Each structure stands twice: as C-alpha cells, then as structure tokens.
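Trainee: I would like a close look at a single helix in this model. Please take me through that part step by step.

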Amino acid sequence: MDTLGRIKDLASKEFTLDANALDPAAPLDTLGIDSLSFIEFMFKIEEEFGVNVSDDDLKGIKTLGDLERHVAAALAAAGKA
C-alpha cells in the first residue's frame, strides 16, 4: 500500500471515516477532524512510519495530502522510501 493509502486507512480507523471517500485535498476540519484529535492521530502516524513531525511541521499540515507529502519527504530523507 502506498503512503497516502496507509494514511487514509489509518485516518478511516481513527476517525470512523470511509477511506475511499477521503479526499486528500480536503481541509481536515471539513472531514470533522479537530486539532486535538489530529495531534493524537499524528502520534500514530509517527509510530506507523517511523518519522517525526515537529510542531512547526504540524502547523503546515492542513490536508491528508499535506501529511502524505511530509511523511514521504521524511522517509526519503531517512533513506526509507
């Protein structure tokens, strides 16, 4: 499964959403994901992918697509991609 697919799968389980219906370009708040829930979700993302997301990075993540790009870049930088 690709990075975005894994993120969508995790998000669907965490937030009880249909993974197939998740638009990676949709703002997180339109998906019903509030900031506290998203921070908790980020811990699961970090664990799943073995990457760190700083508070500064977190501020720039507004969509699942943003998250996928950040995770992919972190994996590439760590030589895991």
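Mentor: Start with the buried face of α2. Its buried residues are Phe 38, Phe 41, Met 42, Ile 45, Glu 46 and Phe 49. Together they take up an arc of only 150 degrees around the axis, which means they sit on the same side of α2. Keep in mind that this is a predicted model.

Now turn to the other side of α2. There, Leu 36, Phe 43 and Glu 47 are exposed. So what covers the buried residues of α2? The cover includes three helices: α1 (3-15), α3 (55-59) and α4 (64-77).

Next, the length. Helix α2 runs over residues 35-49, which makes 15 residues. At 1.5 Å a residue, they should span 21 Å. The end C-alpha atoms are 21 Å apart, so the model agrees with the expected span.

Then the two ends. At the N-terminal end of α2, Asp 34 acts as the cap. One of its side-chain oxygens lies 3.2 Å from the backbone nitrogen of Leu 36. That is the Leu 36 listed among the exposed residues. Just after α2 comes Gly 50, with a positive phi of about 70 degrees.

Two of the covering helices lead to further residues. Begin with Thr 63, in the loop between α3 and α4. Its relative accessibility is 10%, below the 20% cut-off, so Thr 63 counts as buried. Its side chain has two polar partners to look at. A polar atom of the Thr 63 side chain lies 3.3 Å from the backbone oxygen of Pro 24. The Thr 63 side chain also reaches the backbone nitrogen of Gly 65, at 3.3 Å. Leaving out residues up to four places away in sequence, Thr 63 touches Pro 24, Ala 25, Ala 26, Pro 27, Leu 28 and Arg 69. Pro 24 therefore appears both as a polar partner and in the contact list of Thr 63.

Finally, Ser 12, which has its place in helix α1. Ser 12 has 11% relative accessibility, so it counts as buried. Its side chain reaches the backbone oxygen of Asp 9 at 2.8 Å. With residues up to four places away in sequence left out, Ser 12 touches Leu 17, Asp 18, Ala 19 and Leu 22.

To pull the helix together: Asp 34 caps the N-terminal end of α2. Phe 38 and Phe 49 are among its buried residues. Phe 43 is exposed on the other side. Helices α1, α3 and α4 are included in the cover.

How values were computed: Residues are numbered from 1 along each chain as its sequence is written. This is a predicted model: local features need pLDDT of at least 70, side-chain atom pairs count only at pLDDT 80 or more; totals for chains, interfaces and linings use all residues. Side-chain values use heavy atoms; hydrogens and water are left out. Helices (H or I, at least four residues) and strands (E, at least two) are DSSP runs, numbered from the N terminus. The expected span of a helix is 1.5 Å times one less than its number of residues. Buried means under 20% relative accessible area, exposed over 50%, partly exposed in between (1.4 Å probe, protein chains only). The arc is that of the directions from the helix axis to the C-beta atoms. Contact means heavy atoms within 4.5 Å. A polar contact is a pair of N or O atoms within 3.5 Å; within protein, one must be able to donate a hydrogen and the other to accept it, and residues adjacent in sequence count only if both atoms are side-chain atoms.
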